[in-house]
Amino acid sequence: MRIAVVGGSGQIARLLHPLLVAAGHQPVALVRSESQRTALEALGAEVRLLDIENSDVAGFATAFAGCAAVVFSAGGGPDGNIDRKRTVDLEGSLKSSAAAQSLGIQRFVQVSAIDVDHPVSPDAPAVWAAYVAAKRDADTALRDSPLDWTILRPGRLTDDPPTGRVALGPAVARGDVTRADVAAAVAAVVGDARTVGRQWNLVGGDVPVAEAVSAAIAAG
Ligand SMILES: NC(=O)c1ccc[n+]([C@@H]2O[C@H](COP(=O)([O-])OP(=O)(O)OC[C@H]3O[C@@H](n4cnc5c(N)ncnc54)[C@H](OP(=O)(O)O)[C@@H]3O)[C@@H](O)[C@H]2O)c1
């Protein structure tokens with residue numbers, strides 16, 4: 001499959017591209033700066049330009065042309081900008097979903113965040129509340145869409161080396177997980193139709209990624 005990766009220069013995305021290539025897919029990294037092209041092509045990605053905040057659904061559709069699946073792994077990042085939680089994490093996902101639907105692309109994997117359906121403490125920083133709301137609302141909209149979605153909700157991300165082992169399921173408790181293991185989980189689910197309609201928390205654990213995915217599918 002040719003797979004559009006929104007947030008294609010992100011830290012998880014950069015770990016994901018070689019895994020998709022190894023699985024026989026062609027990642028298409030969607031990025032907002034031409035300067036990111038060379039490094040991403042070296043990882044095996046095809047590179048296309050897409051500024052999430054300054055593109056409409058038609059622009060997203062142009063960027064997704066020829067793709068059979070979309071991975072949404074973008075985010076406003078840790079810059080403390082409340083507006084970018086809405087314009088990137090939420091509206092970027094909504095526009096990705098709408099563009100996929102307009103093109104007849106069914107498969108959509110979203111990298112969300114753990115526990116975003118839980119209420120945020122009233123004394124939480126405003127930027128945290130905005131982040132959780134954006135991820136929560138993006139997930140709700142994707143679940144309500146007609147797409148063949150899978151939502152992965154990682155715990156706190158680390159840059160430790162891959163362990164290849166995770167805990168994954170609808171109610172797995174909060175914990176850390178390496179970005180490399182999240183990338184491995186995305187690569188494991190994107191081509192697996194049995195994961196359609198599943199939303200799983202994802203943290204570091206004891207079970208090899210493929211086994212964890214199969215076990216979560218079997219658990220229903
Ligand atoms: N940090 C955590 O502990 C944690 C936990 C759970 C889930 N998550 C979520 O996991 C996801 C991926 O994490 P990560 O570490 O890979 O994130 P990341 O490295 O910050 O990647 C986010 C990507 O979004 C892109 N982006 C932001 N604004 C954009 C715009 N206007 N147009 C185009 N691209 C834009 C960034 O591009 P640029 O390179 O151009 O900025 C970057 O490539 C994020 O959604 C994050 O919220 C994070």
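Let's start at Asp115, which you will find in the loop that runs between strand 5 (107-111) and helix 5 (126-144). Keep in mind that this is a predicted model. Leaving aside residues up to four places away in sequence, Asp115 touches Arg174 and Asn201. With Arg174 there is also a polar contact, made from side chain to side chain at 3.4 Å.

Now move over to the ligand. The space it takes is the largest pocket. Which elements give two or more residues to the shell around the ligand? They are helix 1 (11-22), helix 4 (82-103), helix 5 and strand 7 (156-158). Helix 4 supplies the largest share of that shell, three residues. You have already met helix 5, as the helix at one end of the loop that holds Asp115.

Next, look at the residues themselves. There are 27 around the ligand, and those that come nearest are Arg32, Glu53, Ala74, Lys135 and Arg179. Sorted by class, the shell contains 10 nonpolar, nine polar and eight charged residues.

Finally, zoom in on single atoms. Arg32 places a polar side-chain atom 2.7 Å from an oxygen atom of the ligand. Two other residues pair with nitrogen atoms in the ligand: an N or O atom in the side chain of Asp51 lies 3.2 Å from a ligand nitrogen, and a polar side-chain atom of Arg84 lies 3.4 Å from a ligand nitrogen. How much of the ligand's accessible area does the protein cover? On its own the ligand has 910 Å² of accessible area, and the protein covers 83% of it.

Definitions and conventions:
Residues numbered from 1 in each chain as written. Predicted model: local features only at pLDDT ≥ 70, side-chain atom pairs only at ≥ 80, totals over all residues. Heavy atoms only, no water. Helix = DSSP H or I, 4+ residues; strand = E, 2+ residues; numbered from the N terminus. Polar contact = N/O pair within 3.5 Å; in protein donor to acceptor, adjacent residues only side chain to side chain. Contact = heavy atoms within 4.5 Å. Near = heavy atom within 4 Å. Areas by Shrake-Rupley, 256 points an atom, 1.4 Å probe, with all protein chains shown as cover. 1 Å grid on protein atoms, 1.4 Å probe; cavity = no way out; pocket = protein on both sides within 12 Å on 5 of 7 lines; lining within 4 Å. Sits in = over half its atoms within 2 Å of the grid points. Nonpolar A, V, L, I, M, F, W, Y, C, P; charged D, E, K, R; others polar.
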